[in-house]
Amino acid sequence: CGILLATSMVGLALRPPAAEASDLDVVISEIHYHPAEAEAGDEGDEFIEIQNPSDDAVDISGWFLDGGISFVFPEGASIAAGGFAVVARDVPRLEADYGLEGVWGNYDRKLSNSGDRITLRDDSGNLVDRVDYRDDPPWPENPDGLGPSLEKTTPWSSGEDQSSWRASIPLGGTPGRANSTAEERASLPLIVKGDVWKYRKGTSEPATPVGAWA
């Protein structure tokens with residue numbers, strides 16, 4: 001059965017088969033494409049993190065990463081509700097350096113330091129998520145060899161939108177746990193479903209003093 005990465009760096013455990021959940025609930029959430037040690041030819045801390053922000057575990061048996069690197073998740077692989085899976089270029093190295101267990105890998109090839117496309121597909125080849133990162137503006141530049149990883153700030157935003165990504169606060173990133181730059185989104189319903197309401201066309205300022213509401 002699959003080994004799951006929980007929402008902290010410890011407490012990883014074997015889980016029963018996952019329930020079905022939408023593929024769209026799973027996203028590529030963190031990429032460490034150019035570790036600082038890579039300047040000396042050591043790229044063992046490269047990793048890709050996948051997040052399941054939904055309330056259900058997701059079975060990722062046969063899912064695969066392709067593009068700059070390639071990896072196929074084995075039968076029984078799953079991600080817990082609210083959990084993470086980390087895929088490494090060098091599993092023993094990454095587990096030792098970060099105190100992790102249950103890291104998947106090793107993926108084939110290595111991530112490009114100047115930019116690469118990473119695609120996550122389900123077992124039928126359907127696109128789940130895709131990132132086409134770069135190392136120059138408007139993408140964050142610090143992940144390019146200065147130590148931070150590339151973190152997605154909100155799991156529901158497009159992975160191909162550079163404004164969705166930030167350089168991690170801790171050097172080396174946050175594999176297997178919540179991103180250091182994660183933004184919490186909250187909503188306040190102003191109109192309840194089924195209510196009858198009107199809106200103002202907005203040809204002039206609607207409040208006194210100006211700016212009181214909009």
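Are Phe73 and Trp104 buried or exposed? Both are buried. Keep in mind that this is a predicted model.

Let's stay with the aromatic rings. A search of the whole structure finds five aromatic pairs. Take Phe47 and Tyr98. Their ring centres are 6.0 Å apart and the planes sit at 80°, so this pair is edge-to-face. For that label, the planes must be over 60 degrees apart. Phe47 belongs to strand S2, residues 47-51, and Tyr98 to helix H1, residues 91-98, so the pair ties together parts that are 51 residues apart in sequence. Phe47 and Tyr98 are buried.

Back to Phe73 and Trp104. They also make an edge-to-face pair, with 6.1 Å from centre to centre and 80° between the planes. Phe73 is in the loop between S5 and strand S6 (78-79), while Trp104 is in strand S8 (residues 104-105), so this pair links parts 31 residues apart in sequence. Add Phe71, and Phe71, Phe73 and Trp104 form one aromatic cluster.

Now the sheet. It is open, has four strands, and runs in the order S5-S4-S9-S10 with antiparallel pairing. Why do S5 and S10 each have one side without a neighbour in the sheet? Strand S5 (71-72) and strand S10 (127-134) stand at the edges with a single partner strand each, so one side is left free of a neighbour. Further in, S4 (residues 64-67) and S9 (residues 115-121) are joined by four bridges. One example: Gly67 has Ile118 in S9 as its bridge partner.

Last, the surface. Leu190, Ile191, Trp197 and Tyr199 form a nonpolar patch there. Together they have about 550 Å² of accessible area. Trp197 is found in the segment after strand S12 (165-167).

Methods. Residues are numbered from 1 along each chain as its sequence is written. This is a predicted model: local features need pLDDT of at least 70, side-chain atom pairs count only at pLDDT 80 or more; totals for chains, interfaces and linings use all residues. Side-chain values use heavy atoms; hydrogens and water are left out. Patches are made of residues with over 30% relative accessible area and no salt bridge: like charges are joined within 9 Å, nonpolar side chains (Val, Leu, Ile, Met, Phe, Trp, Tyr) within 5 Å. Accessible areas come from the Shrake-Rupley method with a 1.4 Å probe; for residues, only the protein chains shown count as cover. A salt bridge is a side-chain nitrogen of Lys or Arg within 4 Å of a carboxyl oxygen of Asp or Glu. Helices (H or I, at least four residues) and strands (E, at least two) are DSSP runs, numbered from the N terminus. Two strands pair if DSSP finds at least two bridges between them. Rings of Phe, Tyr and Trp (its six-membered ring) pair if their centres lie within 6.5 Å; planes under 30 degrees apart count as stacked, over 60 as edge-to-face and the rest as tilted. Buried means under 20% relative accessible area, exposed over 50%, partly exposed in between (1.4 Å probe, protein chains only).
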